[in-house]
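Hi everyone, thanks for making time for this. I'd like to walk you through a structure that you may not have seen before, so let's put it on the screen.

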Amino acid sequence: MARLRGAETVIVGIQPDVAFAMVQLGLTLKGVATVLDLEEGLASSIARTEERFLETKPRRPSDRG
């Protein structure tokens, strides 16, 4: 549902036992980023937002190389 609204999902702080169980059950999280902790999650989200902003930012005539 988040993807339909234009959002990206980031899961933070999955405990090792939970990650192991997910692998054993064959659960995959395609299209969902996973990171170690909240600080890393925020850094990842900020970086992705900046990348998208730079991709969609209109160029000025003086910016052409």
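I'll start with the overall layout, then move to the helices, and finish with a small group of charged residues.

One thing to say early: this is a predicted model. The protein has 2 helices and 2 strands. If you trace the chain from the N terminus, the elements run β-α-β-α.

How much of the protein is buried? Of its 65 residues, 8% count as buried. The accessible surface comes to about 6000 Å², and carbon and sulfur atoms hold 58% of that. As for contacts, take those with a separation of 6 or more: 48% of them are between residues 24 or more positions apart.

Now to the helices. Helix α1 covers residues 16-25, and 1 of its 10 residues is buried, so this helix lies largely in the open. Right after α1 you reach glycine 26, which has a positive phi, near 75°.

Helix α2 spans residues 38-56, and we'll stay with it for most of the talk. Let me begin with its nonpolar side. Which residues form the nonpolar patch on the surface? They are Val12, Leu38, Leu42 and Ile46, and together they have about 370 Å² of accessible area. Helix α2 gives the largest share of this patch, with 3 residues. Leucine 42 is a good one to find on the screen: it sits in helix α2, and with a relative accessible area of 49% it is partly exposed.

Let's turn to charge. As a bit of background, side chains of opposite charge can pair when their charged atoms come close. In this model the count comes to 2 salt bridges.

Please look for arginine 48 and glutamate 8. They form a salt bridge, and their closest N and O atoms are 2.8 Å apart. Arginine 48 belongs to helix α2, while glutamate 8 is in the segment before β1, so the pair ties together parts that are 40 residues apart in sequence.

Where does the other bridge go? Arginine 52 also forms a salt bridge with glutamate 8, and here the closest N and O atoms are 3.5 Å apart. This pair, too, links distant parts of the chain, with arginine 52 in helix α2 and glutamate 8 in the segment before β1, 44 residues apart. Because the salt bridges share partners, Glu8, Arg48 and Arg52 are joined into one network.

Are the members of this network buried or exposed, or something in between? Arginine 48 is partly exposed, at 34% relative accessible area. Glutamate 8 counts as partly exposed as well, at 41%. Arginine 52 is again partly exposed, at 37%.

One last residue before I stop. Threonine 49 has its place in helix α2 and is partly exposed, with 44% relative accessibility. A polar atom of its side chain lies 2.8 Å from the backbone oxygen of serine 45. And how far is threonine 49 from glutamate 8? In sequence they are 41 residues apart, and in space they are 9.9 Å apart, C-alpha to C-alpha.

So, to recap: we saw a helix α1 that lies largely in the open, a nonpolar patch drawn in largest share from helix α2, and a salt-bridge network of Glu8, Arg48 and Arg52. Thanks for listening!

Note on methods: Residues are numbered from 1 along each chain as its sequence is written. This is a predicted model: local features need pLDDT of at least 70, side-chain atom pairs count only at pLDDT 80 or more; totals for chains, interfaces and linings use all residues. Side-chain values use heavy atoms; hydrogens and water are left out. Helices (H or I, at least four residues) and strands (E, at least two) are DSSP runs, numbered from the N terminus. Buried means under 20% relative accessible area, exposed over 50%, partly exposed in between (1.4 Å probe, protein chains only). Contact means heavy atoms within 4.5 Å. Accessible areas come from the Shrake-Rupley method with a 1.4 Å probe; for residues, only the protein chains shown count as cover. Patches are made of residues with over 30% relative accessible area and no salt bridge: like charges are joined within 9 Å, nonpolar side chains (Val, Leu, Ile, Met, Phe, Trp, Tyr) within 5 Å. A salt bridge is a side-chain nitrogen of Lys or Arg within 4 Å of a carboxyl oxygen of Asp or Glu. A polar contact is a pair of N or O atoms within 3.5 Å; within protein, one must be able to donate a hydrogen and the other to accept it, and residues adjacent in sequence count only if both atoms are side-chain atoms.
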